[in-house]
Amino acid sequence: MNAPLVAVSAISRSYSMRSGMFGRAAAVHAVDGVSLTIPRGETLGLVGESGSGKSTTGRIVLGLEPPDHGEVRFDGKPMAAPGTATWRAQRARMQMIFQDPLGALDRRLPVGTQIREPLDIHGLGTPGEREERVRELLRDVELTPAHGARYPGALSGGQRQRIVLAQALATKPDFLVCDEPVSALDVSIQAQVVNLLCDLQAQLSLTLLFISHDLRVVRQISNVVAVMYLGRIVEIGLADDLFAQPEHPYTQALVSASPAPGRRSAGRIVLAGDPPNPAARPNGCAFHPRCPRAIARCAQEVPVLSAVGGNRQVACHLVTGAATRDAA
Amino acid sequence: MQPLVSIADLRVAFNGVPVLRGVDIALQKGEALGLVGESGSGKSVTWLAALGLLPRQAKVAGSVLLDGRQILGAPAAELDQVRGGRIAMIFQDPASALNPVLTIRRQLSEALALHRDLSGETVKAEARRLLDLVGIPDAARRLSAYPHEFSGGQVQRIMIAMALAGNPDLLIADEPTTALDATIQAQILELLSSIRREMGMAMVLISHDLGVVAENCDRVAVMYAGRIVEQAPSHQLFADPVHPYAQGLIGALPPLDGPRRRLTAIPGTVPDPAHMPAGCAFAPRCALAEEPCGLAAPTLVPIANERSVACVRAEASRRALLRIAAE
Ligand SMILES: Nc1ncnc2c1ncn2[C@@H]1O[C@H](COP(=O)(O)OP(=O)(O)O)[C@@H](O)[C@H]1O
Ligand SMILES: Nc1ncnc2c1ncn2[C@@H]1O[C@H](COP(=O)(O)OP(=O)(O)O)[C@@H](O)[C@H]1O
Ligand SMILES: [Mg+2]
Ligand SMILES: [Mg+2]
């Protein structure tokens, strides 16, 4: 098997957060022992509700902030220290896209100029070649050179997201982190951008970390999907069957909560309570207070992510406990 | 049977630009109607206009009957009785609808005094009953808390309690779960459904999410560019959409299981209200469009029991099908 382009081993990151003016500072474990590998040319999807640590994982993988523990390796080498020449060379090979394209663009500049910016910064090509590259990038994202002359305010949400994508692709990166890139778009436009991302990934052999709270979109675009809950991966498996046969009770609840046309809500698993405060992480399995199937052990022992056959890994005493019993 | 609410040819223009271009909706007592469509299609404006909540510069025309009485352009005093009384509304961003410096008890009591003519101990008891009803644990104690002391899902529950204070016959829920996480969204939708069943209340659920609407409503109306383009019982709309836009919306939704297929995206974007194409507003994005589509805007025409569609092409093909079936 070829070496993965991105290998994340046991990264953790906590922030200190003060609750209220006189409250004591508490540690928020945003990411807690996350390991992932992304093979070259593949897409890893990261799902989970807000606050589960998806964006923090994305920032660490890109080297935008260092992990407290653990390591990220890119193309077999550890991420270099920020600011060094090696780091800049590595960074030119990775780019990111966020949910809000308007926030990522400068309202005062034509979008074509903004697509050219990374080429100017990295001094790639002659001015003429850069102009040609901008035209090519606009074509890649299915826009015309005329769009390049417009300002962000004169484009629709879907068109702006294409511009951001063109800008990210300007330096011909190998790796792209997409953080909720289509969450703000209407379904019909979302489908255009998802199709475009799939096409570009195949054409350019891109490797993708695709972050979203939307199970449908993540499945559509990913080879492998990881489900996060309060900073940890609770289940990981192939996109094709993860949501068809979820093993972890949290994944099951997420799938069940995802509305489906043609289905009535009867038989839905509705979890009680709110997601817990990340600053007051429950003992044992962080999901146990909301889990409809929790047993005594779940409140005491943190379940470890373990293989349960096929390509699936699950962190749940009920699943892995049963698996060991069956094996005995 | 006389509908609870009957909207006819509702039109709204802002600064001379029409954004609602003739909307017809009839809603029966106790019925749950879903309203879907892309952002900007006029879902919110329809109900804001019906309840007289649009800013003064909005030009509103048409008719909105509540139990047969015209409420469009009704005197302010009468509208105040309707809003929060017979018809209540909840929004996507519940926090902005609550006053941050007043306790929940105070805000619920005000709503109760205004619409139910209750006072003293009865108000207190009723406020507590409402909080209980919407599933706020430890309601008696939580009544003295302020909005910021509740989570996002709980604030939406409190908004539902406020909406129920007037014992409404109709609840308009405008994207009530869009800002919430999936598992919390499921809780709130289940709460709305169970309350609706218990109280026999009608509901209009506005959402951009087809799945949300399909699962929680009896009937669905699809809006596009200020008009309703298709109306059908939920299960029929999703099993067998007729309008090319409705078909497009369903095809654009990635499946959760089964084989993955390329999404059928609808090309282009929603037209700008200031530059509406002549004829059918969807024609420029429609794969089935032909010359007649650009001539006149199609009207909503019945195609089967409880089903109607505004599409020249679909109408023709449907009629042909129905004739074959009848023979
Ligand atoms: N810079 C930061 N400072 C303090 N807390 C943070 C910071 N970034 C993230 N967090 C906290 O870490 C947790 C995970 O956040 P995030 O990675 O943004 O989750 P997600 O992207 O899944 O919504 C949250 O509780 C969030 O409040
Ligand atoms: N107060 C307002 N002033 C001017 N235009 C408005 C106002 N409110 C809504 N609109 C316009 O009316 C159209 C319909 O809006 P809306 O009903 O909010 O859409 P939806 O709820 O379907 O997303 C949009 O084009 C919107 O920009
Ligand atoms: Mg995030
Ligand atoms: Mg709206």
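Here are some notes on a predicted model, for anyone opening it for the first time.

1. Start with how chain A is put together. The chain splits into two domains: domain 1 gathers residues 4–18, 26–93 and 173–325, while domain 2 runs over 104–172. If you take the C-alpha centres of domain 1 and domain 2 of chain A, they sit 30 Å apart. The two do touch, with 15 residues of domain 1 of chain A meeting 13 residues of domain 2 of chain A.

2. Now for what that domain contact is made of. About 1,100 Å² is buried between domain 1 and domain 2 of chain A, and carbon and sulfur atoms account for 69% of that area. Three residues are worth picking out on screen: A:P173, A:L196 and A:L200 give 41% of the area that domain 1 of chain A buries against domain 2 of chain A, more than any other three residues.

3. How many salt bridges cross between domain 1 and domain 2 of chain A? The count is zero. Polar contacts do turn up there, with three residue pairs across the interface of domain 1 and domain 2 of chain A, both partners at pLDDT 80 or more. On the domain 1 side of chain A, helix α8 (residues 187–204) gives the largest share of the touching residues, eight of them. By type, the residues on that side of domain 1 of chain A come out as 12 nonpolar, one polar and two charged.

4. Next, look at how the two chains meet. Here 43 residues of chain A are in contact with 41 residues of chain B. Together chain A and chain B bury about 3,600 Å², with 51% of it on carbon and sulfur atoms. As background, the size of an interface is often given as the accessible area lost when the parts come together.

5. The chain A–chain B interface has two salt bridges. One to find is B:R260 with A:D240, where the closest N and O atoms are 3.2 Å apart. In general, side chains of opposite charge can pair when their charged atoms come close. There are also 22 residue pairs in polar contact between chain A and chain B, counting pairs with both residues at pLDDT 80 or more.

6. Which parts of chain A face chain B? Helices α8, α9 (215–221), α10 (239–242) and α11 (249–257) of chain A each bring at least two residues to the side that touches chain B. The largest share of that side, eight residues, belongs to α8(A). Sorted by type, the side of chain A that touches chain B has 21 nonpolar, 11 polar and 11 charged residues. So α8 of chain A deserves a careful look: the helix gives the largest share of the side of domain 1 that touches domain 2, and also of the side of chain A that touches chain B.7. Ligand 1 has 13 residues around it, and A:G51, A:G53, A:K54, A:S55 and A:T56 come nearest. A polar backbone atom of A:G51 is 2.7 Å from an oxygen atom of ligand 1, and a polar side-chain atom of A:S55 is 2.8 Å from an oxygen atom of the ligand. A:R59 takes part through its side chain, with an N or O atom 3.4 Å from a nitrogen atom of ligand 1.

8. Ligand 2 is surrounded by chain B residues, among them B:F14, B:E38, B:G40, B:K43, B:V45 and B:P273. A backbone N or O atom of B:G40 is 2.7 Å from an oxygen atom of ligand 2. B:K43 reaches an oxygen atom of ligand 2 with a side-chain N or O atom at 2.9 Å, and a polar backbone atom of B:V45 is 2.8 Å from a ligand 2 oxygen.

9. Over all chains, the salt bridges number 37. One of them joins the side chains of A:E49 and A:R290, at 4.0 Å from N to O. The two partners are 241 residues apart: A:E49 is in the loop between β3 (43–47) and α1 (54–61) of chain A, and A:R290 is in the loop between α11 and β11 (306–307) of chain A.

10. A last stop is A:H288, in the loop between α11 and β11 of chain A. A polar atom of the A:H288 side chain is 2.9 Å from the backbone oxygen of A:C285. Setting aside neighbours within four places in sequence, A:H288 is in contact with A:P282, A:N283, A:A294, A:C298 and A:A299.

Terms used
Residues numbered from 1 in each chain as written. Chains lettered and ligands numbered in written order. Predicted model: local features only at pLDDT ≥ 70, side-chain atom pairs only at ≥ 80, totals over all residues. Heavy atoms only, no water. Domains from an automatic or database assignment. Contact = heavy atoms within 4.5 Å. Buried area = accessible area lost by both parts, 1.4 Å probe. Polar contact = N/O pair within 3.5 Å; in protein donor to acceptor, adjacent residues only side chain to side chain. Helix = DSSP H or I, 4+ residues; strand = E, 2+ residues; numbered from the N terminus. Nonpolar A, V, L, I, M, F, W, Y, C, P; charged D, E, K, R; others polar. Near = heavy atom within 4 Å.
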